[in-house]
Amino acid sequence: MWIFYAVGSSFFAGITAILAKCGIRRTDSDVATAIRTVVVLLFSWLMVLVTGTWAGLTQIEGRTLLFLVLSGIATGASWLCYFRALQKGDINKVVPIDKSSTVLSILLALIFLQEGITGPKIIAVLLIGTGTMLMITKKDIEETSGKKSGGWLIYAVLSAVFASLTAILGKIGIAGIDSNLGTAVRTTVVLLMAWLMVFVSGKQDELRKIERKELGFICLSGLATGASWLCYYRALQEGPASVVVPIDKLSMLVTIAFSRIIFKERLSRKAAAGVLLITAGTVLLAVV
């Protein structure tokens, strides 16, 4: 059954961005992120209760807790940038650039974790890097440098940067503790950070202006994230990681397919080539 859980993980991860995009057409992205995080938090602690790992909460060491908190801050920053990019730009461009965080994660792992780099890894990095560059047009760069309303690129890039930091800090933070418990603690930090951003920026009044339809989509995006996590960890528990991981990473293709159907967003030939290269690099990286 693990193959069905892996496919389920990819599907739910893929529709998360679609549902979120539907929920932030008029709603501020920071407010939407804060609300969505509440739903994700409930799911993450549900996973802790289901797996019975809550008892390890009192055994977390100070150093581990520090890196979990730092990882949570990086995750929160990544989510805030990601949903701002989704609000401003096309899904089929934002998502592939966000997925390119894999490249920076490898470089950071090489520097800080002394993880080796092999020939296939280098090829994968080149494929993902080239694919990401193909997703970016001259117009995107001009809009971002000119700070026009369409300047989503900087947020997408920052999302990828913070996501890579999340991976490195999270890897250090979950050393010696259950991954489900570490995820729950980290998500708690994300929740605090997201709501702090809302109140610091004075956007709390926006909560009363959210349309019921958009609120529904925001909550559904949180449920999709939680469902993806549940399926992903169940698949890892029962199946080989070398197969589960690349299937989960292919959620990008699910997102692009749904963006074509729902939002009528089309990929240019250049962007389509970029997606293929990113996909090939991601699969190669997962199986080597």
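Here a trainee and a mentor talk through how some labels in this predicted model are earned.

Trainee: Let's start with helix α2. How do you know that the span of α2 agrees with what a helix should have?

Mentor: Helix α2 covers residues 29-51, which is 23 residues. At 1.5 Å a residue it should span 33 Å, and its end C-alpha atoms are 32 Å apart, so the two agree.

Trainee: What makes Asp-28 a cap for the N-terminal end of α2?

Mentor: Look at one of its side-chain oxygens: it lies 2.9 Å from the backbone nitrogen of Asp-30. A polar contact needs N or O atoms within 3.5 Å, so 2.9 Å qualifies. Just after α2, by the way, you'll find Gly-52 with a positive phi of about 70 degrees.

Trainee: Now cysteines. Why is Cys-81 called buried?

Mentor: Buried means under 20% relative accessible area. Cys-81 has 11%, so the label fits.

Trainee: And how do you know that Cys-231 is in no disulfide?

Mentor: The nearest cysteine sulfur belongs to Cys-219, and that is 19 Å away. A disulfide needs the sulfur atoms within 2.5 Å, so this pair doesn't make it. In fact, the structure holds 0 disulfides. Cys-231 is buried too, because its 15% is under the 20% cut-off.

Trainee: Ser-105 and Leu-110 are in helix α5. Why is Ser-105 called buried, and why is Leu-110 called partly exposed?

Mentor: Ser-105 has a relative accessible area of 15%, under 20%, so it counts as buried. Leu-110 has 36%, which falls between 20% and 50%, so it counts as partly exposed.

Trainee: What do these two touch, leaving aside neighbours within four places in sequence?

Mentor: Ser-105 is in contact with Ser-164, Ala-167 and Ile-168. For Leu-110, the contacts are Glu-115 and Ile-117.

Trainee: On to α13. How do you know that its buried residues line one face?

Mentor: The buried ones include Ala-271, Gly-274, Val-275 and Ile-278. Seen down the axis of α13, the buried residues fall within an arc of 165 degrees, so they line one face of the helix. On the other side, Arg-269 and Leu-276 are exposed. An α-helix has 3.6 residues a turn, so residues three or four places apart point the same way.

Trainee: Does the length question have the same kind of answer here: how do you know that the span of α13 agrees?

Mentor: The 19 residues of α13, 269-287, should span 27 Å at 1.5 Å a residue, and the end C-alpha atoms are 27 Å apart, so that agrees.

Trainee: What makes Lys-264 worth a look, and why is it called exposed?

Mentor: Lys-264 sits in the loop between α12 and α13. Its phi is near 60 degrees, a positive value in a residue other than glycine. As for exposed, the cut-off is over 50%, and Lys-264 has 58%, so it passes.

Trainee: Last one. Which residues have the most contacts inside the largest nonpolar core?

Mentor: They are Tyr-82, Leu-86, Val-94 and Ile-97, in a core of 37 residues. The largest share of this core, 6 residues, comes from α2. Tyr-82 touches Ala-17, Val-94, Val-95, Asp-98 and Ser-159, not counting residues up to four places away in sequence. Apart from that core lies another of 7 residues, among them Ile-177 and Leu-181.

Definitions and conventions:
Residues numbered from 1 in each chain as written. Predicted model: local features only at pLDDT ≥ 70, side-chain atom pairs only at ≥ 80, totals over all residues. Heavy atoms only, no water. Helix = DSSP H or I, 4+ residues; strand = E, 2+ residues; numbered from the N terminus. Expected span 1.5 Å × (residues − 1). Polar contact = N/O pair within 3.5 Å; in protein donor to acceptor, adjacent residues only side chain to side chain. Buried < 20%, exposed > 50% of the residue type's maximum accessible area, 1.4 Å probe, protein only. Contact = heavy atoms within 4.5 Å. Arc of directions from axis to C-beta. Core = buried A, V, L, I, M, F, W, Y, C linked by side-chain atoms within 4.5 Å.
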